[in-house]
Amino acid sequence: MKTIILQGQNIPYQITRSDRSKNLRISISRDGNLLAILPYGMDEKFAENFIQKKSDWILKKIKYFQKHKFHILPKSSQKEYKLRKKEAYAIIKEKILYFNSFYKFAIGKITIRRQKTRWGSCSRKGNLNFNFNIIHLPQNLLNYLVVHELCHLKELNHSKKFWELVSLQIPDYKILRKELKSLI
Ligand SMILES: [Zn+2]
């Protein structure tokens, strides 16, 4: 791992090359490492200049991940899923009943699944599905997630109307949405 100095700070960074990418790409991992993916033939110096130019954005992102580090979720195994699936279901069910005493929507089936890419979903039939990893979520994020999926029972999109509905129970949904997204 190399380091690069950005605005006086030593930032660990790693270079990889990919023949699939035509352009230079940079990303920051949750543990604060900078990754640069270079197309073959691109000069490292060129990449480093580019990184320097983007230093404001990079440092902001690193700071964000450092601040939210304690929220990084443990990955759940198949074994844990088997053992705690009922518990996850009970947690979700209770939250749904709580928030739906306000919204009063008609709810279909509730399911819990092990998923990698999403926290929850709502089908056209009104079935709600949640990621098993919700057992590791802090309460404020769990509340937001449940209200989000509940509101899809009325608005199956992310329209202004939808967010108005969410905000009735979760006024600070914007920041929570960002945080939840960063955890998947
Ligand atoms: Zn949604």
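## Around valine 147

In this predicted model, take valine 147 as a way in: setting aside neighbours within four places in sequence, its contacts are Phe99, Val166, Gln169 and Ile170.

## Two nonpolar cores

Val147 also turns up in the largest nonpolar core, a set of 23 residues. Together with Ile92, Ile134, Tyr144, Leu145 and Val146, Val147 is among those that touch the most other members. Which elements give two or more residues to this core? They are α3 (78-103), β7 (128-131), α4 (139-151), α5 (160-167) and α6 (173-182). Helix α4 gives the most, putting in seven residues.

There's a second core too, separate from that one and made up of six residues, including Tyr13, Ala36, Ala47 and Ile58.

## The four-stranded sheet

Now for the sheet. It's an open one with four strands, ordered β1-β2-β4-β3, and its pairing is mixed. At the edges stand β1 (2-6) and β3 (25-28); each has a single partner strand, so one side of each goes without a neighbour in the sheet. From one strand to the next, the twist averages 35°.

How do β1 and β2 run, parallel or antiparallel? They're antiparallel, with five bridges joining β1 to β2 (residues 9-18). Within this pair, leucine 6 sits opposite glutamine 9 of β2.

## A helix on the sheet

Helix α2 (residues 55-67) packs on this sheet, touching β1, β2, β3 and β4 (34-39). The direction of α2 makes about 25° with that of β3.

Notes
Residues numbered from 1 in each chain as written. Predicted model: local features only at pLDDT ≥ 70, side-chain atom pairs only at ≥ 80, totals over all residues. Pairing = 2+ DSSP bridges. Axes fitted to C-alpha atoms, helices over the stretch in contact; angles between N-to-C directions. Contact = placed C-beta atoms within 7 Å. Core = buried A, V, L, I, M, F, W, Y, C linked by C-beta atoms within 7 Å. Buried ≥ 20, exposed ≤ 12 C-beta atoms within 10 Å, placed from the backbone.
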